[in-house]
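Reader: I would like a close look at a single part of this entry. Please begin with one side chain and go on from there.

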Number of protein chains: 2
Amino acid sequence: MSVAIENFVKAIYKNGKRDNNDTKPGNIAKELGISNAAATDMAKKLAIKDLIDYEKYQELKLTDKGTKMALNVVRKHRLWEALLFKLFDLSLHDIHREAELLEHQTSDLLANKISDYLGNPKFDPHGDPIPNARGEITTTDTSISLANTEEGKSYIISRLMSDDKEFFDFCAQHGLKYGNSILVSKQFSKNKMTQILIHNNTILLNEDFTSIIYVNEQD
Amino acid sequence: MSVAIENFVKAIYKNGKRDNNDTKPGNIAKELGISNAAATDMAKKLAIKDLIDYEKYQELKLTDKGTKMALNVVRKHRLWEALLFKLFDLSLHDIHREAELLEHQTSDLLANKISDYLGNPKFDPHGDPIPNARGEITTTDTSISLANTEEGKSYIISRLMSDDKEFFDFCAQHGLKYGNSILVSKQFSKNKMTQILIHNNTILLNEDFTSIIYVNEQD
DNA sequence: AAATATTTTTAAGTAAGCTTAAAAATTTTT
DNA sequence: AAAAATTTTTAAGCTTACTTAAAAATATTT
């Protein structure tokens, strides 16, 4: 399947998870940096291939076949990230950029070899779960916007779900990285902000960030 | 640059080395599995980009810029082959197939990281020399069609320059592989055939094969 | 609920990278 | 060196993945 199609399906998958399921053509177009018209166009083509269900003016919905394709690409992306992270001294941002290209030129055979080589890891260097060869994925974490603030309850950062360099730089600067411990001290639900404590620093995060920082409860 | 252009330039480079410099559009077309018309078309486009010198009905000749691009792609191909060979249990044929795709989606930065990781190797698993980051390449071997048959002179196989599965299978079956020792016992120049001795078996090879099996003199 | 703004869709057009068919040039055979 | 065969080129056309501009529908604001 073409790179354009794989990326389109992947974008629907990602937007379906992340935002409030806003997978109308315009959102996908923005994600991919193409025009709305191009997104509508592509949506029709994918519908013919039975990768999405398409109804005019509605959200784009992946079919089982489409979901399978998206997970296959996501699997390859995250396996590449894990491999490049292990072998080379590269920034997470660089690794992401390389994986973004390699993911589309990787046979299932090679993906499985990479997975084996790494010991069939369940998570990539961002903490994102790696779907297995059958497209199954296991996650238990939640965004910190939904974390509760019970006294003394601490969390472990499990993922930073973004490809934005500015966001990564911000995270790096404040010690927000995969595996680190934080305390969610307060939710300002009205203003959609969250206050956290990390390394004895209190940080107030707005929705853009709280929705893409994921954590697991600390045991 | 696009995949199609990189492959076109690479094909000219390869044909310029291998065959009797037969780099007319038809040969490149055959190499790439496209029509002659498409090859002529592409040749004109590459000329505009100053990647080749193009004159109607003549051989296609890479400019310095074109050669540089070809060597850059070849470098990435061979580095991928070396890496995949080291990490995974895959056949040389599979490795070649994967590298053929990955080579076009690899930044110079990543290529250099792979090279460093492998200790900046000079040869890939086929024995083909890996151009360095500046596009320099070092070779001393010759095809067995040109090897001389001096009494008792033996050679070490340095490369099997092909992507053809049948050829690889043939080589595997007869012990023709990188590093093995052979004796070139007779040149039938009139018939363009070469007789070799390997593992006490005498094999008579025709030009198709003698022109792509490369050897170094044994010290 | 009307007016306004935004988004989606349609329509027409472009560039890349191919195709086939036929004309033009070159190469090979006799 | 003429005839035959092959190769290269030109021409016209196709598909994919985009674009911009304008029409149609939906969503938001007042």
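Does A:Cys171 count as buried or exposed, and at what relative accessibility?

Author: A:Cys171 counts as buried, at 1% relative accessibility (buried is under 20% relative accessible area, exposed over 50%, partly exposed in between, with a 1.4 Å probe and protein chains only). The model is predicted, so local features need pLDDT of at least 70 and side-chain atom pairs pLDDT 80 or more, while totals for chains, interfaces and linings use all residues. Residues are numbered from 1 along each chain as its sequence is written, chains are lettered from A and ligands numbered from 1 in the order in which they are written, and side-chain values use heavy atoms, with hydrogens and water left out.

In chain B, B:Cys171 is also buried, with a relative accessible area of 1%. Over all chains there are zero disulfides (pairs of cysteine sulfur atoms within 2.5 Å).

The two chains can be superposed: a turn of 180° and a shift of 0.1 Å along the axis lay chain B on chain A with an RMSD of 0.2 Å (a least-squares fit on the C-alpha atoms of residues with pLDDT of at least 70 in both copies). This is the relation of a two-fold axis. B:Leu102 has the C-alpha of chain B nearest the axis, at 3.2 Å. Both copies use the same surface, since 100% of the contact residues of chain B recur in chain A (contact means heavy atoms within 4.5 Å).

Next, the DNA. Around DNA strand C there are 22 residues, and among those that come nearest are A:Lys24, A:Lys44 and B:Ser2 (a residue is near a strand if one of its heavy atoms lies within 4 Å of it). Of the atoms of DNA strand C within 4 Å of the protein, 74% belong to sugar and phosphate. A:Lys44 places a polar side-chain atom 2.2 Å from a phosphate oxygen of this strand, and for B:Ser2 a side-chain N or O atom is 2.6 Å from one. α3(B) gives the most to this surface, with five residues.

Around DNA strand D there are also 22 residues, with A:Ser2, B:Lys44 and B:Tyr54 among those that come nearest. Here sugar and phosphate make up 75% of the strand atoms within 4 Å of the protein. A side-chain N or O atom of B:Tyr54 is 2.7 Å from a phosphate oxygen of DNA strand D, whereas B:Tyr57 uses a backbone N or O atom, at 2.6 Å. The largest share of this surface, five residues, comes from α3(A).

Conventions:
A polar contact is a pair of N or O atoms within 3.5 Å; within protein, one must be able to donate a hydrogen and the other to accept it, and residues adjacent in sequence count only if both atoms are side-chain atoms. Helices (H or I, at least four residues) and strands (E, at least two) are DSSP runs, numbered from the N terminus.
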